[in-house]
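Thanks for asking me to look this one over with you. Here are some notes to read alongside the structure, in an order that should help a newcomer.

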Amino acid sequence: MKIKEILSAGLRGGTPEGGWSDELEQDDCVHTLIAVVTDEGLVGLGSVFTNHELVKSSLSILKPLYENENALEPERVTEKLRQNMFWLGRGGSITHTISGIDIALWDLLGQATQQPVGRLLGGRFRDRVKPYASLLMEEPTKLRQKLLQLKESGFQAFKIGWGQFGRKNRQVDEAIVSAAREAIGPNDWLMVDAGGSDAFWSQGYKWALQTAHMLVEYDVYWFEEPLKPDALGDYTLLRKTAPLPIAGGEVLTRRQSFLPWLEEGAFDIVQPDVTKVGGITESRRIAWTAQEKGIKFIPHGWNTAVGLAADLQLASAFAETDLVEYIADSPYVDGIVAQPWSLDEDGMLPIPDTPGLSIQLNPETLAAYVSNTDFINCLL
């Protein structure tokens, strides 16, 4: 089975706010879908956390390397792409685009073998996983109401992030966290994401340590991105001194970029994003390394339905990966699939065991967010 062509489609019109200092508009494109079309008619789906124009340019550069390649060898093919891109820089948009190709090739391998991707990764440790609803911080009254709605819909774990946190004063920070804990009650899981990868993040180690001591009073499970994304030394020190787990890694790409962070012990929880880091192949390699060093692997999942489908399969293949991120109310997650996910009575998300990524997009609803008719037609 050969790769015939790779199509891409940028998602616009329903882009959720990211909490960024330069906030996203609904028509901004930060997520791009990938379709790897084979000569035998099978189509594999991938997702890229990058603007569509950058993905299109990357695909044009990569085309001579992937055209007519074996579509059933994701690890070899995507490693070939990575190895031949050193001259354009290792990481960034090229690596992001390879991520989408890799995800799609694993989807194809699963379809061809009639196996779920998780089984092809070595076996399924679980058939369901706890999703945490991921939402932006707002002023306490609005945040409380949104959390209550999500709790009513079945979620039992929540991550609040970005917004005003760390950007005004400590009183505001604590008021937000206090309202969140009050809304969800004492038994549900609560995580806090400071969003330290935001442009010109101003907080440093001492703020992070003091804030960590405040968060532990509200039984926060982890503190995510409390520092600038390149502050390896401060992350390493914070992990040693903070009274709760420290999480991060969503901005890193390539397994090699993660090595110093894992070797120095900068994280309790490492969060590669499958749509940025190099796909399922690289995520698995990072997870293996983390596992050997006693670091938990929980994928970053602020992306799309296809990204979530890949995260579910990864969660099935790693014994300690007991959470996945679920963006609350994003049309790119629930609004473009043929059959939206649903939580069971325990607030868990079933991990499908049908072939590939076990996901089908809905061409009709997808058409509201993409303009590439060839992409839509290849799904029919």
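1. Let's begin with a warm-up: in which loop is Asp329 found? Please bear in mind that this is a predicted model. Asp329 is in the loop between β11 and β12 (349-350). Its phi is near 65 degrees, a positive value in a residue other than glycine. With a relative accessibility of 70%, Asp329 counts as exposed.

2. Asp219 is worth a look as well. This residue sits in the loop between α7 and β7 (223-224). Asp219 is not a glycine, yet its phi is positive, at about 55 degrees. Its relative accessibility is 51%, and because the cut-off for exposed is over 50%, Asp219 counts as exposed.

3. Now for the interior. In soluble globular proteins, nonpolar side chains tend to be buried together. Here the largest nonpolar core has 99 residues, and those with the most contacts inside it are Ile160, Phe165, Phe223, Ile280, Trp341 and Ile359. Helix α11 (residues 305-317) gives the most to this core, contributing nine residues. Another core, of 21 residues, lies apart from it and includes Ile6, Val48, Ile101 and Leu108.

4. Which residues does Phe165 touch, leaving out those up to four places away in sequence? Among them are Met137, Val177, Trp201, Trp207, Leu215 and Phe223. Both Phe165 and Trp207 are buried.

5. The aromatic residues make a good next stop: the whole structure holds 15 aromatic pairs. In one of them, the ring centres of Phe165 and Trp207 are 6.0 Å apart and the planes stand at 75 degrees, so this pair is edge-to-face. Phe165 belongs to the loop between β5 (157-161) and α6 (170-184), while Trp207 is in helix α7 (residues 205-216), so the pair ties together parts that are 42 residues apart in sequence.

6. Tyr235 and Trp261 offer another example: with centres 5.4 Å apart and planes at 70 degrees, their rings form an edge-to-face pair. Tyr235 lies in helix α8 (residues 232-241) and Trp261 in helix α9 (residues 255-264), so parts 26 residues apart in sequence are tied together by this pair. Tyr235 and Trp261 are both buried.

7. Some rings have other company. Tyr132, Trp189, Tyr221 and Trp222 form one aromatic cluster. The charged end of Lys130 sits over the ring of Trp189, 5.5 Å from its centre. Likewise, Lys276 has its charged end over the ring of Phe49, 4.5 Å from the ring centre.

8. Is Leu143 buried or exposed? This residue of helix α5 is buried, with a relative accessible area of 0%. Leaving aside neighbours within four places in sequence, its contacts are Leu135, Leu136, Met137, Glu138, Ile160, Ile176 and Ala180. Leu143 and Ile160 are 17 residues apart along the chain, and their C-alpha atoms are separated by 8.9 Å.

9. Last comes the empty space. The largest pocket holds about 910 Å³. Its lining is made up of 40 residues, and Glu17, Gly18, Gly19, Leu136 and Trp302 lie nearest the centre. The elements giving two or more residues to this lining are β4 (128-136), α5 (140-152), β5 and β11 (323-327).

Terms used:
Residues numbered from 1 in each chain as written. Predicted model: local features only at pLDDT ≥ 70, side-chain atom pairs only at ≥ 80, totals over all residues. Heavy atoms only, no water. Phe/Tyr/Trp six-rings, centres within 6.5 Å; stacked < 30°, edge-to-face > 60°. Helix = DSSP H or I, 4+ residues; strand = E, 2+ residues; numbered from the N terminus. Buried < 20%, exposed > 50% of the residue type's maximum accessible area, 1.4 Å probe, protein only. Lys NZ or Arg CZ within 6 Å of the ring centre and 35° of its normal. Core = buried A, V, L, I, M, F, W, Y, C linked by side-chain atoms within 4.5 Å. Contact = heavy atoms within 4.5 Å. 1 Å grid on protein atoms, 1.4 Å probe; cavity = no way out; pocket = protein on both sides within 12 Å on 5 of 7 lines; lining within 4 Å. Points joined across faces, edges and corners; volume = space filled by probe spheres on them.
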